[in-house]
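I wanted to practise reading a structure entry by entry. These are my notes, in the order in which I looked things up.

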Amino acid sequence: MSELRSRAVVLSFMMSAGLAFAQTQVNTAIVFQNPLAIPPLIDPAAENGEKVFTLTLQKGEQEFLPGKHTATYGVNGPYLGPTLRLHTGDQVRMKVTNGLGTATTIHWHGMELPAVMDGVYQVIEPNSTWEPYWTVRNQASTLWYHSHLMGQTGEQVYKGLAGMIIVDDDNSDALQLPHRYGVDDIPVIVQDKKFDSNGQFIYQPQVDSRAGPQGFVGDTILVNGTYAPFLEVPRGWVRLRLLNGSNGRRFNFGFDDNRAFYQIASDGGLLVAPTEEKRLIVGPGSRAEILVDMADGKPVRLMSFAVRDADHAASSVAKFFLNSFRADADEDQEFKILEIRPTTETGLSAPVSQHLNSIPRPDPRLAVRTRVFTMDRDSRINGQKMNPAVVNQIVFKDDVEIWQIVNQSPNYHTFHVHDVQFLVVDRNGKAPEPSDQGWEDNVLLYPGDHVRILVQFKYYTDPHHPYMFHCHILEHEDMGMMGQFVVVEKGTKNSQVSVDPAYINVFSHNTDMRP
Ligand SMILES: [Cu+2]
């Protein structure tokens, strides 16, 4: 905090007068004329008691903008991938074939699975197939899969290597919620892009001399890979599974007529009860499910309203600082995202379930230790960049721990932990907001924030194959704002922990983080 304070005084003095940041609606003139693409559901093969999904990573070409053909990456298609629908308890196997002509990985974001299936170090070379398999432990939730190649995640996800995963369970099966995929239960993958005059993606991350490495932000919104999309829905409750698939932009979701909506799920599962909101900020990599009532038959636009760090400042000093020094490039911009048009068909209009899930209150007294993670301006965590040869944290299976995350930089960050869904204990010493009270795998930290989360790794141990924790601004991640941990049986000695030498060689794919 002291670093932030001293910087606040200096910078607010330097930048005091004359900087007016007006809220900008970036795409005022957009005409919603393209039907929203709904990613197809894969029908898995049944083999030896497993559900087997075949995913082919490929280069492609897609006409996002009229008459322009953009070079892309995709999964079983030119851009993005199919939706994988799983059920808790399923034994699944993914046959992932790399037809990109360049190395990649596929990470199952939010999944609780063995480290060797996690898709970070498991590089898939061109023309080869990777076959991870696991038992689905997660509860009903909206997860996703995406490239996680060290140093190239930002570029590969930006080109399109991502898709949605929907997990159902016995609880969600029994709830009265919209559940007709693509009809009233809609995947909504929101991403911002920049296009050149030929319609090609521009990907040029920036480093600001004062604020440090910037998350990429674009000026054009795609939803499920559709530009200027509209969606026809029945008159009734509509469930939007919002996935922020952007590299570096936060979305502050809401509707242009200011109607209220109900959040029903966070990253890792259903909330205890629907929570009424008019605005909902979702950081890059995170998900939220919302219900919106379309019974009145009126079309409405899903929006992203301005995000302003100063509005979320942890202290008056930080607020003053953030008002004068706006470090985050995604601040103050407003977008129209998706036009939702009710048809004359009647949809689900009965009351939805009011009790959705049971979530334990996070009790910090259960924690056996606290680990501190400090995120700084120069894309470091605890003063270090990712080093594949170093295990930063050794965690015992089943231990309940508090991880205290401190954002000591003038930029926002997120903190994503692999192999776990966690609960927020408190944010800046206060109980979390309702939207922050569910299971999460990726928590947003405004500049100056300190957030305590309760984590527990319940299923897998492996002293030689680490999991990652990192900022989910992909440019920060690629610059090494990442560390790794192993989960081991209680009593394992530090001397028994080491990184598989084959994993360290993965860094031949990466120029920035090679040891
Ligand atoms: Cu970051």
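The entries below go from the whole chain down to single residues.

**Entry 1: confidence**

I noted before anything else that this is a predicted model. I looked up the confidence and found a mean pLDDT of 92 for the protein. Of its residues, 94% reach 70 or more. I then looked for weak stretches. Residues 1-21 stay under 50 in pLDDT, and the model has 27 contacts for them beyond four places in sequence. Residues 511-515 also have pLDDT under 50, with 16 contacts beyond four places in sequence. I put a mark beside both stretches in my notes.

**Entry 2: the whole protein**

I asked how many helices and strands the protein has. I wrote down 6 helices and 35 strands. Next I checked the radius of gyration, which is 22 Å. The globule rule gives 24 Å for 515 residues, and the two values are close, so the protein is as compact as a globular protein of that length. Along the principal axes, the C-alpha atoms fill a box of roughly 70 × 65 × 50 Å.

I also looked up burial and contacts. Of the 515 residues, 59% count as buried. Among contacts with a separation of 6 or more, 79% are between residues 24 or more positions apart. The exposed surface comes to about 19100 Å², and carbon and sulfur atoms supply 49% of that area.

**Entry 3: aromatic pairs**

I looked up the aromatic pairs and found 27 in the structure. I picked Phe64 and Phe195 to begin with. Their ring centres are 6.0 Å apart and their planes meet at 55°; this angle is neither under 30 nor over 60 degrees, so the pair is tilted. Where in the chain do Phe64 and Phe195 lie? Phe64 is in the loop between strand 4 (50-62) and strand 5 (70-75). Phe195 is in the loop between strand 13 (185-193) and strand 14 (207-208). The two are 131 residues apart, and the pair links distant parts of the chain. Both Phe64 and Phe195 are buried.

For a second pair I took Tyr459 and Tyr460. The ring centres are 6.0 Å apart and the planes stand at 50°, so this pair is tilted. I asked whether each of them is buried or exposed. Tyr459 has a relative accessible area of 30% and is partly exposed. Tyr460 has 15% and is buried.

I then went back to Phe64 and Phe195. Ring pairs link them into a cluster with Tyr79, Tyr158, Phe201, Tyr203 and Phe216.

**Entry 4: charges over rings**

I looked for charged ends placed over rings and noted two cases. The charged end of Arg279 sits over the ring of Phe305, at 3.6 Å from the ring centre. Arg341 lies over the face of Phe230, 3.9 Å from the centre of that ring.

**Entry 5: positive phi**

I checked backbone angles next. Ala228 is not a glycine, yet its phi is positive, at about 50°. Ala228 is in the loop between strand 17 (226-227) and strand 18 (229-235). Its relative accessibility is 0%, so Ala228 counts as buried.

Asp419 is also a residue other than glycine with a positive phi, near 70°. I found Asp419 in the loop between strand 30 (413-417) and strand 31 (423-427). Asp419 is buried, with a relative accessible area of 6%.

**Entry 6: three single residues**

I looked up Asp309 in the loop between strand 25 (300-304) and helix 4 (316-324). Its relative accessible area is 1%, and 1% is under the 20% cut-off, so Asp309 is buried. Which residues does Asp309 touch, leaving out those up to four places away in sequence? They are Arg250, Leu322, Asp328, Glu331, Tyr412, Tyr446 and Pro447.

Val368 is in the loop between strand 26 (333-346) and strand 27 (369-375). Leaving out residues up to four places away in sequence, Val368 touches Asp399 and Val400. Val368 and Val400 are 32 residues apart along the chain, and their C-alpha atoms are separated by 6.1 Å.

My last residue was Phe320, in helix 4. Phe320 has 55% relative accessibility and counts as exposed. Its C-alpha atom is 43 Å from that of Lys397, 77 residues apart along the chain.

Key
Residues are numbered from 1 along each chain as its sequence is written. This is a predicted model: local features need pLDDT of at least 70, side-chain atom pairs count only at pLDDT 80 or more; totals for chains, interfaces and linings use all residues. Side-chain values use heavy atoms; hydrogens and water are left out. Rings of Phe, Tyr and Trp (its six-membered ring) pair if their centres lie within 6.5 Å; planes under 30 degrees apart count as stacked, over 60 as edge-to-face and the rest as tilted. Helices (H or I, at least four residues) and strands (E, at least two) are DSSP runs, numbered from the N terminus. Buried means under 20% relative accessible area, exposed over 50%, partly exposed in between (1.4 Å probe, protein chains only). A charge sits over a ring if NZ of Lys or CZ of Arg is within 6 Å of the ring centre and within 35 degrees of the ring normal. pLDDT is the predictor's confidence in each residue, from 0 to 100. Contact means heavy atoms within 4.5 Å. The radius of gyration is taken over C-alpha atoms; the globule rule is 2.2 Å times the number of residues to the power 0.38. Accessible areas come from the Shrake-Rupley method with a 1.4 Å probe; for residues, only the protein chains shown count as cover.
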